[in-house]
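Load the model in your viewer and keep the selection panel open. The stops below run from the whole chain to its empty spaces and then to a pair of residues.

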Amino acid sequence: MSAALDHTIAPLSPHTGAEVRGIDLREPVDEATRARLNRAFVEHSVLVFRDQKLAPAQMLAAVHLFGAVFAQHNTKFALPECPQIHYISNQDFFPDGTRYIPGEGYHTDHSNAERPPKATVLYAVELPDRGGDTQYVNMSLAYEELPARLKAKIAGRQAIHVYQSRYSARKLMPLPDTARVPDFVAHPLVRTHPETGRQALYLNPIRTEGIVDMDDAEGLPLLAELLAHATQERYHYRHRWQAGDLVMWDNRALLHKANGDYDMSQRRYLYRVMLQGEVPV
Ligand SMILES: [Fe+2]
């Protein structure tokens with residue numbers, strides 16, 4: 001029997017996010033439903049599948065509805081039994097003993113890749129009683145409402161993305177020798193979504209180190225101004241996790257961040273898969 005009988009897709013906010021109910025991702029999904037889900041994904045930028053019960057291999061099979069798997073950079077976090085899935089956990093520590101909270105601070109995933117992942121998929125295995133929300137900002141809407149003065153300033157410009165920007169407030173885990181990371185890449189500051197044709201700001205405070213052919217004295221304040229604009233409350237969608245949630249989002253159209261605002265004695269543990277994207281243009 002198909003998994004997709006009587007499912008619903010309902011918006012979660014006026015501009016970002018939709019909730020899918022009535023689909024069990026362990027079951028086969030027919031072609032018409034697969035196409036509908038893919039359309040909903042690019043239309044809403046965040047899809048939330050409620051009430052899932054997925055083992056790692058089942059999650060991996062489910063995400064193939066939306067594309068091919070992207071090889072994540074830091075193999076330290078790969079699940080031994082299913083290495084295309086990495087884990088997100090609040091139980092890892094930096095070598096100096098401080099707790100590592102993955103995903104704090106707005107960013108878009110792996111933008112230092114030549115072809116950054118189009119989507120990131122998280123499945124909640126264990127959640128704290130409260131807190132640990134994932135926050136998103138809609139970079140398409142933010143670009144559309146960007147003052148004309150700023151649009152003109154960034155038209156045709158590219159930003160430099162590296163693994164760890166020296167200007168980032170958040171420090172990443174050191175990479176093991178097996179990591180798959182280019183030295184740097186340049187991506188347009190405004191990218192056009194390959195499926196919707198919609199333009200979006202594309203920047204990443206964790207990984208962006210400057211603007212090509214622009215002095216840092218001008219480029220860094222400009223990046224800060226763009227980020228301040230994009231992270232205004234009116235562009236937000238805040239996801240409050242529920243047990244069984246599988247959440248996938250469009251890295252081409254959003255920034256996201258995790259919140260370390262919960263009781264750290266409680267375990268927060270999720271599986272993460274990324275899906276291959278395109279060269280941003
Ligand atoms: Fe992330």
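A cavity here is a set of grid points where a 1.4 Å probe fits but cannot get out, and its lining residues have an atom within 4 Å of such a point. The model is a predicted one.

**Whole chain**

Start with everything selected and coloured by secondary structure: 5 helices and 19 strands should appear. The radius of gyration is 18 Å against 19 Å from the globule rule for 281 residues, so the chain is as compact as a globular protein of that length. Measured out along its principal axes, the C-alpha trace spans about 60 × 45 × 35 Å.

Next, colour by relative accessible area. Buried residues account for 55% of the 281 in the chain. Switch to a surface: the exposed area comes to about 12300 Å², with 51% of it supplied by carbon and sulfur atoms. If you draw a contact map, count the pairs with a separation of 6 or more; 82% of those contacts join residues 24 or more positions apart.

**Second largest cavity**

Select I88, S89, N90, I101, P102, A258, N259, Y262 and R268, which line the second largest cavity. The space inside is about 40 Å³. What classes of residue make up this lining? There are 5 nonpolar, 3 polar and 1 charged.

**Largest cavity**

The structure has 3 cavities of 30 Å³ or more. For the largest, centre the view on I88, Y100, P102, G103 and R272, the residues nearest its centre among the 30 that line it. This cavity holds about 420 Å³ of space. I88 and P102 belong to this lining and also appear in that of the second largest cavity.

Now show strands β6 (82–89), β9 (119–126) and β18 (254–258); each of them contributes at least two residues to the lining of the largest cavity. Colour that lining by class and you get 12 nonpolar, 12 polar and 6 charged residues.

**Largest pocket**

Move on to the largest pocket, with about 280 Å³ of space. Select Y167, S168, P205, I206 and L227, the closest to its centre of the 16 lining residues. Which helix gives the most to this lining? Helix α5, residues 216–230, does so with 4 residues. By class, the pocket lining divides into 10 nonpolar, 4 polar and 2 charged residues.

**V20 and I9**

Select V20, in strand β2 (residues 18–21). Is V20 buried or exposed? Its relative accessible area is 1%, and buried means under 20%, so V20 is buried. Apart from neighbours within four places in sequence, V20 is in contact with T8, I9, L37, L47, V48, F49 and R50. For a distance check, pick D250: the C-alpha atoms of V20 and D250 are 16 Å apart, with their positions 230 residues apart along the chain.

From V20, step to its contact I9, which sits in strand β1 (residues 8–11). Setting aside neighbours within four places in sequence, I9 is in contact with A18, E19, V20, R36, L37 and A40. L37 is thus listed for I9 and is also among the contacts of V20. As a last selection, take I9 with I211: these are 202 residues apart along the chain, and their C-alpha atoms are separated by 39 Å.

Terms used. Residues numbered from 1 in each chain as written. Predicted model: local features only at pLDDT ≥ 70, side-chain atom pairs only at ≥ 80, totals over all residues. Heavy atoms only, no water. 1 Å grid on protein atoms, 1.4 Å probe; cavity = no way out; pocket = protein on both sides within 12 Å on 5 of 7 lines; lining within 4 Å. Points joined across faces, edges and corners; volume = space filled by probe spheres on them. Nonpolar A, V, L, I, M, F, W, Y, C, P; charged D, E, K, R; others polar. Rg over C-alpha atoms; globule rule 2.2 N^0.38 Å. Buried < 20%, exposed > 50% of the residue type's maximum accessible area, 1.4 Å probe, protein only. Contact = heavy atoms within 4.5 Å. Areas by Shrake-Rupley, 256 points an atom, 1.4 Å probe, with all protein chains shown as cover.
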